[in-house]
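Subject: Structure handover

Hello,

Here is the structure we talked about. Please open it first, then read on for what turned up in it.

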Amino acid sequence: MKKRTKKIEIMTSDEEYELLLQRKTKARLAEWMRETCLDQKPTKRVSTVDPLLLYELNKIGVNLNQIAKKVQFEKHNIEWLVEIIHIERQLTSLLENDY
């Protein structure tokens, strides 16, 4: 790798600086700016999600799949349908509380 000897200074507003920090995909802003400006690679913004939340959502999905299969094979099983409606209401409530 060639030694970097040139320095570039730019002025940004506080808002612009915060946007740059939010958008960077590298640990260091300068590294991200070099990659973005020189290579012109489209970068994807990676959002961080709590692993425990993903685990719980996966469990919910597994349970819903099991319920769907049960309802599909056992026609007219009202207890399962009531359970699905209950789960839907709980999920809707969780979404409304988060937003």
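Of the contacts in the protein between residues at least 6 apart in sequence, what percentage join residues at least 24 apart? The figure is 6%. Please keep in mind that this is a predicted model.

**Overall**

The protein has four helices and zero strands. Along the sequence, the pattern reads α-α-α-α. There are 99 residues, and 6% of them count as buried. The accessible surface comes to about 9,700 Å². Carbon and sulfur atoms account for 56% of that surface.

**Buried side chains**

Two buried residues are worth a look. Start with Trp32, which sits in helix H2. Is Trp32 buried or exposed? Trp32 has a relative accessibility of 8%, so it counts as buried. The cut-off for buried is under 20% relative accessible area. Trp32 lies 11 residues along the chain from Leu21. The C-alpha atoms of these two residues are separated by 9.7 Å.

Next is Ile67, in helix H3. Its relative accessible area is 6%, so Ile67 is buried. Which residues does Ile67 contact, leaving aside its neighbours within four places in sequence? They are Trp80, Glu83, Ile84 and Ile87. Leu81 can serve as a distance marker here. Ile67 and Leu81 are 14 residues apart in sequence. In space they are 8.6 Å apart, C-alpha to C-alpha.

**The largest pocket**

The largest pocket has a volume of about 560 Å³. Its lining has 16 residues. The closest to the pocket centre are Lys7, Ile8, Ala30, Met33 and Arg34. Two elements give two or more residues each to the lining: helix H1 (14-23) and helix H2 (29-39). Which element gives the largest share? That is H2, with six residues. Helix H2 is also where the buried Trp32 is found.

**Salt bridges**

How many salt bridges are there? The count comes to three. I take them in order of sequence.

- Lys26 and Glu35: the closest N and O atoms are 3.3 Å apart. Lys26 has 30% relative accessibility, so it counts as partly exposed.
- Arg28 and Glu31: the side chains meet at 3.8 Å, N to O. Arg28 has a relative accessible area of 53%, so it is exposed. Glu31 has 29%, so it is partly exposed.
- Glu56 and Lys59: the N to O distance is 3.7 Å. Glu56 is partly exposed, with a relative accessible area of 34%. Lys59 is partly exposed too, with 36%.

Why are Glu56 and Lys59 separated by about one helical turn? Because they are three residues apart in helix H3. The cut-off for a salt bridge is 4 Å from nitrogen to carboxyl oxygen. The Arg28 to Glu31 pair, at 3.8 Å, falls within it.

**A nonpolar surface patch**

There is also a nonpolar patch on the surface, of about 350 Å². Which residues make the patch? They are Val49, Leu53, Leu54 and Leu57. Leu57 belongs to helix H3, which covers residues 51-73. At 47% relative accessibility, Leu57 counts as partly exposed. The cut-off for exposed is over 50%, so Leu57 stays in the middle class.

**Where to look in H3**

Helix H3 comes up several times, so here are its residues together. Leu57 is in H3 and is one of the residues of the nonpolar patch. Glu56 and Lys59 are in H3 and are joined by a salt bridge. Ile67 is in H3 and is buried. When you open the model, Ile67 with Trp80, Glu83, Ile84 and Ile87 makes a good first view. The pocket lining in H1 and H2 can come next.

Best wishes

Key: Residues numbered from 1 in each chain as written. Predicted model: local features only at pLDDT ≥ 70, side-chain atom pairs only at ≥ 80, totals over all residues. Heavy atoms only, no water. Patch = residues over 30% accessible without salt bridge, like charges linked within 9 Å, V, L, I, M, F, W, Y side chains within 5 Å. Areas by Shrake-Rupley, 256 points an atom, 1.4 Å probe, with all protein chains shown as cover. Buried < 20%, exposed > 50% of the residue type's maximum accessible area, 1.4 Å probe, protein only. Contact = heavy atoms within 4.5 Å. 1 Å grid on protein atoms, 1.4 Å probe; cavity = no way out; pocket = protein on both sides within 12 Å on 5 of 7 lines; lining within 4 Å. Points joined across faces, edges and corners; volume = space filled by probe spheres on them.
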